[in-house]
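Dear colleague,

I am passing on a structure that you may like to read through at your own pace. Please open it first, and then follow the notes below with the structure beside you.

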Amino acid sequence: MKSFEYRKVSTLEEAFRLFQEYGEGAKVLAGGTDLFIQMRNKVLPPEILIDLKGVSGMDQVSYDPAAGLRIGALASIHRLENSPLVRERFGLIAQGAASLGSYQIRCRATVGGNICNASPAADMIPGLISLGAKLKIDGPNGERILPLEDFFAGPGKTNLRAGEVLTEVQVPPLPGPSGFHYAKHSIRKAMDLAVVGVAVSLFSNPQKTRCEEVKITLGAVGPVPLRAAKAENCLKGQKLDEELTLRAALQASEEAQPITDIRASEEYRREMVRVITQRALRQAWKNLTGGKH
Ligand SMILES: Cc1cc2nc3c(=O)[nH]c(=O)nc-3n(C[C@H](O)[C@H](O)[C@H](O)COP(=O)(O)OP(=O)(O)OC[C@H]3O[C@@H](n4cnc5c(N)ncnc54)[C@H](O)[C@@H]3O)c2cc1C
């Protein structure tokens, strides 16, 4: 590994100054579970690592009924998996967290790192998109808010501008009765990236008899995590049953943009989108209605 400088900052302003000084040679360090592997494989040789873990408050998780859930970019995956607040109100996030890597990786890895690494197969991203999450991004020219869905520019590429840092993930309050599910298919049961990941959010009328709003996000089957908008439209205003969930799942599999790579072929991935989407829809509906409808 090429030698590099390391600086642990205690304020974002310090980080911005270092970004200005080192330009493209500077890289943010969070948990390092993606970054160090890329450095070891010489994909990435930074001049300086700017460690954000000394910036106080960046790992906080809080909830306010009006504002929703706020997750600091440095919150660990382990924390999101186990926080009673997240598990009770936003189980989709806890499910994504529980499916990521191993215990050791989850203790080290952060939600901000998972998002900024921009892997199409990242486990935290589909659920957050299906919950309508937004990102708070801070930079030398102030802060901006961007829907998570619009953050990705391609595999490993984001719309972060030079010197900007992701500081917070904002999840809006749930509009009413809701049901969620994240289904991940990987070659191995544990410690493996998704071949397909599907996150479903269903928001219903108060009687829980039909879906008012549906969000289906597909991971690992496109250059960036994708919403399956046509599949969502099949389900809006409907009571879910086997025929309808199959129709939506087939539609999602048409909307997917898989490629063949080391993990799976394009054809296999497309077929698994159908299977996994239907499974996720069934389970989300069951979670919403308690199996009553
Ligand atoms: C053995 C193993 C198994 C894994 N399994 C999975 C898995 O099942 N599912 C999965 O999704 N991932 C998996 N990963 C990948 C990795 O653990 C996650 O993507 C993790 O969430 C990355 O977070 P981090 O804090 O370690 O990021 P880092 O490695 O510190 O950073 C990743 C990238 O994001 C940038 N960055 C980090 N934080 C910020 C910020 N706040 N603002 C701007 N840029 C930032 C860094 O500069 C770097 O480019 C695995 C990794 C390993 C080593």
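**The ligand and its surroundings**

Helix 7 supplies the largest share of the shell around the ligand, namely 4 residues. Please keep in mind that this is a predicted model. Helix 7 covers residues 111-116, and it is joined by strand 2 (26-29), helix 2 (35-40) and strand 10 (165-171), each of these four elements giving at least two residues to the shell. Of the 31 residues around the ligand, the ones that come nearest are V28, T33, D34, T110 and D123. Sorted by class, the shell holds 16 nonpolar, 10 polar and 5 charged residues.

Which atoms of T33, N114 and L166 approach the ligand, and at what distances? For T33, a polar side-chain atom lies 2.6 Å from an oxygen atom of the ligand, while for N114 a polar side-chain atom lies 3.0 Å from an oxygen atom of the ligand. With L166 the approach is made by a backbone N or O atom, which lies 2.9 Å from a nitrogen atom of the ligand. On its own the ligand has 990 Å² of accessible area, and the protein covers 90% of that area.

**The second largest pocket**

Apart from the ligand shell, I also looked at empty space in the model. Rolling a probe the size of a water molecule over the atoms shows where such space is left. The second largest pocket holds about 270 Å³ of space. It is lined by 17 residues, of which P120, A121, I259, D261 and R269 are the closest to the centre of the pocket. By class, this lining is made up of 11 nonpolar, 3 polar and 3 charged residues.

**A pair of strands**

How do strand 6 and strand 7 run, parallel or antiparallel? Strand 6 (residues 134-139) and strand 7 (residues 142-147) run antiparallel and are joined by 6 bridges. Together strand 6 and strand 7 form a hairpin, with 2 residues between them. If you would like one pair to find on the screen, L135 stands opposite L146 in strand 7.

With best wishes

Technical notes:
Residues numbered from 1 in each chain as written. Predicted model: local features only at pLDDT ≥ 70, side-chain atom pairs only at ≥ 80, totals over all residues. Heavy atoms only, no water. 1 Å grid on protein atoms, 1.4 Å probe; cavity = no way out; pocket = protein on both sides within 12 Å on 5 of 7 lines; lining within 4 Å. Points joined across faces, edges and corners; volume = space filled by probe spheres on them. Nonpolar A, V, L, I, M, F, W, Y, C, P; charged D, E, K, R; others polar. Near = heavy atom within 4 Å. Polar contact = N/O pair within 3.5 Å; in protein donor to acceptor, adjacent residues only side chain to side chain. Areas by Shrake-Rupley, 256 points an atom, 1.4 Å probe, with all protein chains shown as cover. Pairing = 2+ DSSP bridges.
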